[in-house]
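Student: I should like to learn how strand pairing and salt bridges are read from a model. May we work through an example together?

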Amino acid sequence: MAESVQKHIRCRRGDVAEYVLIPGDPQRAERIAQRLTDARLISVNREYTVFTGTYEGVPVSVCSTGTGMGCPSTAIAMEELTRVGASTFIRVGSCGARRDGIEIGEPVIVNAAVRAGGTASAYLPDIFPAVASLDVVNAMQQAARELGIKSHIGMSLSRDAFYRQNQALNDTLRDVKAVAVSEMECDTVFVVGNALNVRTGAVVGTDSNIYLAKQPTQEEKEALYMLSEKSTI
């Protein structure tokens, strides 16, 4: 099966590296690829855009997760990438901050996720926690320290319904000092990773924070997020 071209990502063994960054947005995948050395476009299909290159001599691939956001297409990408040799996945995306003291534009390293999506339940029972691989989390924290990037670490809420708000849940998450919501894939990445026996992690840039005393305009938020994206990729 690994020698065959995978149905959705259109890759075969040898096309992708062991380390894969998985943004949702195909355009973000292109921006990440620009940071790699000798990056080459492997495939484009159904908004799965795959590049492979090197970073400081280490082979690295980038694969957007299908529709730009959401869990089913993310799981498909991880399944097929694993079949052709990938073994470490890092989600790179965006989130809304949910903790006092987090400014828009600051990156968050997600170490666990509240399972409010549906896809992960097809892999492991809801009682199973959605947690990142400890060594991947530690490596990202060390990288942030070495680069002098202010970052935050903690739990996110991964949910399917982007525009649905639950104020009681928001209050609870604030009380337990969760770091992020409006983030849609971490629970699936972590649970699918456990089911497939591969390593996972996530770093997301903050594009909003409802608890800020002064709220920026949408244009200011977008500009701040783009600065954040540069630090996450």
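Student: How many bridges join β6 to strand β10, and do they run parallel or antiparallel?

Tutor: Please keep in mind that this is a predicted model. Strands β6 and β10 (residues 199-209) run antiparallel and are joined by 4 bridges. Within this pairing, V110 stands opposite A202.

Student: In which sense do β6 and strand β8 pair?

Tutor: Their pairing is parallel, over 8 bridges, with β8 spanning residues 152-159. Here A112 faces M155. Strand β6 is also joined by 2 bridges to β7 (residues 130-131), and these two run antiparallel; A113 has A130 as its bridge partner there.

Student: Why is β6 described as largely enclosed by the rest of the structure?

Tutor: The reason is that 7 of the 10 residues of this strand, residues 107-116, are buried.

Student: What allows side chains to form a salt bridge?

Tutor: Side chains of opposite charge can pair when their charged atoms come close. In this model, the count comes to 8 salt bridges. One of them joins R31 and E229, at 2.6 Å from N to O. This pair links helix α1 (residues 26-33) to helix α6 (residues 218-232), its members lying 198 residues apart in the chain. R28 belongs with R31 and E229 to a network of salt bridges.

Student: Is each partner, R31 and E229, buried or partly exposed?

Tutor: R31 is partly exposed, at 25% relative accessible area, whereas E229 is buried, at 2%.

Student: Which residue forms a salt bridge with D126?

Tutor: The partner is R115, with the closest N and O atoms 3.5 Å apart. R115 lies in β6, and D126 in the loop between β6 and β7. D126 counts as exposed, at 58% relative accessibility.

Definitions and conventions
Residues numbered from 1 in each chain as written. Predicted model: local features only at pLDDT ≥ 70, side-chain atom pairs only at ≥ 80, totals over all residues. Heavy atoms only, no water. Buried < 20%, exposed > 50% of the residue type's maximum accessible area, 1.4 Å probe, protein only. Pairing = 2+ DSSP bridges. Salt bridge = Lys/Arg side-chain N within 4 Å of Asp/Glu carboxyl O.
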